[in-house]
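Subject: Structure for your review

Dear colleague,

Please find below the structure that I agreed to pass on to you. My notes on what was found in it follow directly after.

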Amino acid sequence: MSHPLRSLGRSALAGLAEALSTGRVGVPLSRAALSPHVPPEQLPAVLAALTELVSDGMAPRHIARALLLLAEEREAGQRMSDRVQLVWSPPDLDAVDARDTAVVVQELFRRAQSSVLISTFALDERKKAEVLFGELATRMDEMPSLSVRVFANIHRKHLDATPAAVLVREFAARIRRQVWPGKRLPEVFYDPRSLDTDLQQRAVLHAKAVVVDGRFTLLTSANFTEAAQERNIEAGVLLDDPRLAARVTRQLDHFVQTQVLRRVPL
């Protein structure tokens with residue numbers, strides 16, 4: 001069961017802390033003294049909880065400090081909830097007022113000023129790829145300082161024994177000719193384990209994420225394909241949190257530095 005003090009809102013916690021620290025509420029505690037600061041339905045439980053703290057030896061100023069910490073935590077939690085958005089596809093099936101994956105992705109691309117990181121398992125080609133990447137490619141061509149990195153899986157078909165180096169070259173040609181619609185190409189990375197001929201050793205790059213300007217992070221089940229962003233049932237979350245963006249970026253940087261992921265020569 002949650003502690004009664006945790007049931008109070010941020011403003012109630014802050015107001016009660018101020019009253020205790022200034023002496024407007026003192027010991028012995030009473031319903032009358034607490035009633036201006038605590039909702040009536042919560043008053044009995046809060047009074048009992050505070051009385052117990054006093055019995056344990058806490059002075060009003062100590063209780064006030066603890067309440068302020070709870071209020072600060074509540075405020076930080078409220079700010080974080082404002083920075084989190086549910087992202088869902090397809091839009092015509094949305095029943096929870098979520099944002100549409102394709103719309104969110106394009107807004108992130110239009111917002112980008114310094115860096116874009118894309119991680120995906122699958123990539124569309126030709127006209128579908130142009131719809132997905134057209135605006136970002138145009139921004140890259142117009143903004144030389146905009147850095148774009150794409151982490152994508154290179155697929156080896158079942159029982160295909162083509163040398164890995166050949167598959168990487170074919171993938172590079174596909175990026176240049178069929179996927180990326182701009183003149184300036186992004187940096188592209190892949191997991192070499194996806195090309196292992198031994199099925200017991202093979203692994204794929206399956207993470208789907210977008211990080212923009214070290215601030216916005218979209219974590220989603222949707223690939224960079226028209227089907228995933230327009231028709232499939234896909235769920236994700238968009239977070240405005242520089243710390244999370246830095247951690248996602250740092251993890252992928254680590255993969256590159258340790259050669260878990262390798263750059264595709266374009």
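At what angle do the axes of helix H5 and helix H6 cross? In this predicted model, the axes of H5 (residues 101-111) and H6 (residues 126-142) cross at roughly 10 degrees and come within 9 Å. Angles under 35 degrees count as roughly parallel, and H5 is therefore roughly parallel to H6. On the side of H5, the contact is made by Gln106, Phe109, Arg110 and Arg111. H6 contributes Val131, Leu132, Phe133, Glu135, Leu136 and Arg139. By character, the residues of this contact divide into five nonpolar, four charged and one polar.

Aromatic residues

Phe109, named above for the helix contact, also takes part in an aromatic pair. The structure holds four such pairs, and two of them are described here.

In one of the pairs, Phe109 and Phe224 are stacked, with 6.1 Å from centre to centre and 20 degrees between the planes. This pair links distant parts of the chain, as Phe109 belongs to helix H5 and Phe224 to the loop between S7 and helix H8 (226-230), 115 residues apart. Are these two rings buried or exposed? A relative accessible area under 20% counts as buried. Phe109 has a value of 0% and is therefore buried. Phe224 has a value of 3%, so this residue is buried as well.

Another stacked pair is formed by Phe151 and Phe189, at 5.0 Å centre to centre and with 20 degrees between the planes. Here too distant parts of the chain are linked: Phe151 lies in strand S4 and Phe189 in strand S5, 38 residues apart. Phe151 is buried, at a relative accessible area of 0%, and Phe189 is buried at 4%.

Beyond the pairs, Phe109, Phe133, Trp180 and Phe224 form one aromatic cluster. Of these residues, Phe109 of H5 and Phe133 of H6 also belong to the contact between the two helices.

Helix H7 and its surroundings

Which residues of H7 are buried? They are Leu167, Val168, Phe171, Ala172, Ala173, Arg174, Ile175 and Val179. The cover over the buried residues of H7 includes H6, S4 and strand S5 (187-190). H6 is thus in contact with H5 and is also part of what covers H7. S4 and S5, which hold the stacked rings of Phe151 and Phe189, are likewise part of that cover.

Strands S6, S7 and S8

Strand S7 (residues 216-220) is mostly covered, with four of its five residues buried. To which strands is S7 joined by bridges? Four bridges join S7 to strand S6 (residues 209-212), and the two run antiparallel. Five bridges join S7 to strand S8 (residues 234-240), also in an antiparallel arrangement. Leu219 in S7 stands opposite Ala209, and Leu219 stands opposite Val237 in S8.

The hairpin of S6 and S7 has three residues between the strands. Asp213 is found in this loop, and its phi is near 55 degrees, a positive value in a residue other than glycine. Asp213 is partly exposed, with a relative accessible area of 24%.

Backbone features elsewhere

Leu159 also has a positive phi, of about 65 degrees, although this residue is not a glycine. Leu159 lies in the loop between strand S4 (147-152) and helix H7 (164-179). Is Leu159 buried or exposed? Its relative accessible area is 75%, so Leu159 is exposed.

Two cis peptide bonds should also be mentioned. One joins Val27 and Pro28, with omega at about 0 degrees. Pro28 is situated in the loop between helix H1 (10-22) and helix H2 (31-34). Another joins Ser89 and Pro90, with omega at about -5 degrees. Pro90 is situated in the loop between strand S1 (84-89) and strand S2 (99-100).

Yours sincerely

How values were computed: Residues numbered from 1 in each chain as written. Predicted model: local features only at pLDDT ≥ 70, side-chain atom pairs only at ≥ 80, totals over all residues. Heavy atoms only, no water. Axes fitted to C-alpha atoms, helices over the stretch in contact; angles between N-to-C directions. Parallel < 35°, antiparallel > 145°, perpendicular 65-115°, else oblique. Contact = heavy atoms within 4.5 Å. Nonpolar A, V, L, I, M, F, W, Y, C, P; charged D, E, K, R; others polar. Buried < 20%, exposed > 50% of the residue type's maximum accessible area, 1.4 Å probe, protein only. Pairing = 2+ DSSP bridges. Phe/Tyr/Trp six-rings, centres within 6.5 Å; stacked < 30°, edge-to-face > 60°.
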